[in-house]
Each structure stands twice: as structure tokens, then as C-alpha cells.
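Hi,

Here is the structure I promised to pass on. Have a look at it first, and then read my notes below.

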Amino acid sequence: MKISNRRSSTGGRRTSAAVALSAVLALTATACGDDGSGTGGDKGAEGSGKGKIVFWDNNGGVRTDIWKEIIADFEKANPDIEVEYVGIPSTDYQSKVDTAIQADSLPDVGGVGAAMLAGFAAQNALEPLDDRLAKSSLSGKLNEDMVASLKAAGGGDGKLYSVPTSANNGVLYYRTDLFKKAGLDEPTTWDKFYEAAEKLTDAGKNEFGYTIRGGSGSIAQALDAMYGQSGITSFWDASGEKTTVNDPKNVAALEKYAALYKKVTPAADLNNDFTKMVAQWDSGTIGMLNHNLGSYQDHVKALGTDKFRGIPQPVGSAGKRVQVSNPVDGMGLFKSSGNKEAAWKFIEFATSHEENSKFNEAAGQVPSNNDAAKDAWISEAEPTKLAAAALTDGSTTIVQLPYYLPDWNTISKADNEPNFQKVLNGDMSAKEFLDTVAEQLNEAQAEWTERNG
């Protein structure tokens, strides 16, 4: 199966992932699980509902322990099914799946969040799940907004290709002990955020006000800071054809945000992905960190609950909070699976009340199962409670990112993360960077509109 191409802004052809022979051989060893009832091929097979299935975790390492616990629960409840767990770091997941599509070596089940969903669906790699969900014990039990979000992210055909497991939200974590010592107010506005970042910095003592994400995943965080400050509430202009990414207000916001690097942040931030950034914040004397609900438990383990808080993103000058959307995470059933019945049983089990609650309590995220969302731990995990309130009390406007574009994840990561590092280093202007991103997005939007219009 070929990976879809598009013409880049430089005029050359490129694919969403390069296929290396060594990677193909490595992935073939963990190809589709099968109980012997059929190899599947492109269309796969239902199988007997027994035997072995292979599950790829899209956040391996970070979520390995909780997934192994859920798998143990599943195998106890379903002794005729064995689940082989393969943990893949989030930064490598898209390229691993794209490579496996080319090599016909996909697993049975995998983590499929909104940001990657359209790209996989465009390659015809995922099984539509609407009918299975409607006939299952999950029918009517899942958060309707999360289901709708994943349907919208599927590329335009309105089908559900991933069952939601959780929703995330941007959080500003800050060290309450350092703020109190410095006599600073809680950073509830962007003005207070910048004031605190400067006042808490003493580079000579290795003390910094903020840690900025310059490595993998940097652009999503930068977009949050841009739209949060500019107050622009839509990703596309009124025509629906041109992105607002390079609006002058967003350019100015990015200039101010990028200027924090090395002034009030460690120099090492240039290459920090979220794991390095979180570890650095947990072990050092850095005042603030932008991440999401997923790192809350890491901070509790490192700092306890009395030295930090996690609050919704700052509000802008107009008194309104604007955030970009965080992708809903989920589980997809790969079409080539030779044991779809057993694979679906695993998805259904993992998103049941008890297991979905257990997963999201460990991850610090908002459960997709409505019954799990009512469990007591949510009110005890302050950032999750505050995030849920911010999303429902009318105080926050969400700028919906175009996850439905098959090239979204490539544009917002591999294509432009190196350029964002150039912005931080002063080797590229914020305007040039955002104009480049906008050109690619406008082209991708035009192609999507032509195909789906």
C-alpha cells in the first residue's frame, strides 16, 4: 500500500515517512497477531476471537506500566486471548506505523489519537468501528464530544476509526514555593506569566523562570502560546481557505514567546521533548512549565502536592482564555488484523468503566467513559478537575486544529520543528517561520477540500 504524497512548498515530492529496510525487518517480527484462523491480508479476518493479538502503545515507556496492568486484567477475564504488548515512544509512533503499512506488518490494535488519525485512515489502514461500537457494551457509554472529535479527525468520511480513551488539556504548572518566596501572584494572565518568568530567573545560580519546549512536540506548545496571547479564536479565516497561523497578531505573540529562550530558560531547552522537559522541571528550580494533564503524576512523585499547582492556561488581555485543541487519544483496529474479533474485545475491555478509569487516573487525563468520568479520583486530582471545569464553564475558547488533514501531523512536526529551533536561536524570524507553515497548511487544506468538497 502506498503512502499518500503531496507537493511541498519547495515544489518537490515527499512522503509522510521514509521506509528503511532495517526498520521493516524489525517491525515484521511483531506483525499482526493471529490464532491460525487466517493471515488477514489487506482486508484482514474476523478470526476465532481467541489466540494472540499484538497491541502497539503509542506512548511507550510513559504508559507501559498501566497498559501492562490493563492487559493482565484482560487476559484474566479472557484466558483464551494473549496480548503481546509493544511500547513505542510517542515521537517514533507515526513513522513506525507508516513503515508497517508499507511492509504489511501492522499490529492488530494500536493507539490512534486524533493528530495521526487522518494520515492512517487515508492509507486505508484502519477498520471503521461504528457498527462494532453500536452493538457493544460501550454503546451510549462514551463521551459524545470525544467520539465526534475522532470522527471529525478521520479525514472527512464521517466514520469512526478510533475509540476514544481520554482527552487532554494544556496546563500551566508552577512552583508555588518559588512564587511565594518571590512574592509573585499566581500566573493566571499572560502578563503575570512573563513577569514571573523574568523575576524567577537567576542564570548564575542555575535558576530559571520557565522551560520552553524546543524539541519534539514544540510546535503544538508554541501554537497554544500564540493563540492564547493573540486571542484569535479560529484556525482558518472566514473563507475557510487560509490559516490564521501567520496573522500579524500571532507573529507578534510568537516573537515574544520565542524571545524567552536562554533569557529566562535553560539553553538545553532547544532539544527538549516533553520527557526531558518534565524531568528537568521536576528535578530543578524552574518556576513554570507548560505541558498537559499527562505529566501531573510525574510532578506529584517528584515534588509532592504542596510545592506546585497545575492551572488552566493564562487568560489574555481581553480577560478570555483561548487554547488550541488537544488531540483526543484512542485505540484503533487495523484493517489487516487476522483476529479482529479478539482485537475488538480488547478495545472494548480497555475502555470499559473500571479499566478506563484506571488508565486515566494513572495518566492524569479526562476519561472517555462517562461512568469513569464520575469517579472520585477526578475531584482529587486538581489539574484534571480545573481543566474539566475550564472546558465546560464558558471561560475558554478552543481553537480547533485541523487534525482531519492527512498531512497535519507531518506539517506540525517533522516538516517544521527544525525551523522552530532556528527561530529560538535567532536564525529565522517568527514571520518567516509562520509564513512557511501557513503556505503548507493552505495547500493541504485546498487539496483536502478538492477531495472532499
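**Val300 and its surroundings**

Val300 counts as partly exposed, because its relative accessibility is 23%, and the range for that label starts at 20%. Before I go further: please keep in mind that this is a predicted model. Val300 has its place in helix α12, which covers residues 296-303. Setting aside neighbours within four places in sequence, Val300 is in contact with Thr305 and Phe308. You can also look across to Asp282: the two residues are 18 apart along the chain, and their C-alpha atoms are separated by 9.1 Å.

Asp282 leads us to helix α11, residues 274-283, where it is one of the buried residues. The others buried in that helix are Phe274, Met277, Val278, Gln280 and Trp281. What do the buried residues of α11 pack against? Their partners are the strands β7 (170-175), β8 (208-211), β9 (286-292) and β10 (308-312), along with the helices α9 (218-230) and α12.

**The nonpolar core**

As a bit of background, nonpolar side chains tend to be buried together in soluble globular proteins. Here the largest nonpolar core has 124 residues, and the members that touch the most others are Tyr227 and Phe346. If you want to see the surroundings of Phe346, leave out its neighbours within four places in sequence and show Ile53, Phe55, Trp67, Ile71, Phe74, Val83, Val109 and Met331, which are its contacts.

**A pocket to look at**

The second largest pocket has a volume of about 740 Å³. Its lining is made up of 27 residues, and those closest to the centre are Asp145, Met146, Ala167, Val328 and Leu391. Two elements give two or more residues to this lining, namely α6 (144-153) and α16 (382-392). Which of the elements gives the largest share? That is α6, with five residues. By class, the lining of this pocket has 17 nonpolar residues, nine polar ones and one charged one.

**Salt bridges**

There are 16 salt bridges in the structure. I picked out a few.

- Lys358 and Asp73 form a salt bridge, and their closest N and O atoms are 2.6 Å apart. This pair links distant parts of the chain, with Lys358 in helix α14 (residues 353-363) and Asp73 in helix α2 (residues 64-77), 285 residues apart. Asp73 counts as partly exposed, at 23% relative accessibility.
- Lys192 meets Asp185 in a salt bridge, with 4.0 Å from N to O. Lys192 is partly exposed too, at 29% relative accessibility.
- Glu341 and Lys345 form a salt bridge whose closest N and O atoms are 4.0 Å apart. Why are these two about one helical turn from each other? Both belong to helix α13 (residues 340-350), and they are separated by about one turn because they are four residues apart there. In general, an α-helix has 3.6 residues a turn, so residues three or four places apart point the same way. Glu341 has a relative accessible area of 32%, so it is partly exposed, and Lys345 is partly exposed with 30%.
- Salt bridges with shared partners also join Glu46, Glu127, Arg132 and Lys340 into one network.

**Three loop residues**

Ser136 sits in the loop between α5 (130-134) and α6. Is Ser136 buried or exposed? Its relative accessible area is 13%, so Ser136 is buried. Not counting residues up to four places away in sequence, Ser136 touches Trp344 and Glu348.

Asn206 is in the loop between α8 (190-199) and β8. Its phi is positive, at about 60°, although Asn206 is not a glycine. With a relative accessible area of 54%, Asn206 is exposed.

Lys262 is in the loop between α10 (248-258) and α11. Lys262 has a positive phi as well, near 70°, and is again a residue other than glycine. At 52% relative accessibility, Lys262 counts as exposed, because the label applies over 50%.

That's it from me for now. Enjoy looking around!

How values were computed. Residues are numbered from 1 along each chain as its sequence is written. This is a predicted model: local features need pLDDT of at least 70, side-chain atom pairs count only at pLDDT 80 or more; totals for chains, interfaces and linings use all residues. Side-chain values use heavy atoms; hydrogens and water are left out. On a 1 Å grid over the protein atoms alone, a cavity is a set of points where a 1.4 Å probe fits but cannot get out, and a pocket is an open set with protein on both sides within 12 Å along at least five of seven lines; lining residues have an atom within 4 Å of a point. Grid points are joined across faces, edges and corners, and a volume is the space filled by probe spheres set on the points. Ala, Val, Leu, Ile, Met, Phe, Trp, Tyr, Cys and Pro count as nonpolar, Asp, Glu, Lys and Arg as charged, and the others, Gly among them, as polar. Buried means under 20% relative accessible area, exposed over 50%, partly exposed in between (1.4 Å probe, protein chains only). Contact means heavy atoms within 4.5 Å. A nonpolar core is a set of buried Ala, Val, Leu, Ile, Met, Phe, Trp, Tyr and Cys residues joined through side-chain atoms within 4.5 Å. A salt bridge is a side-chain nitrogen of Lys or Arg within 4 Å of a carboxyl oxygen of Asp or Glu.
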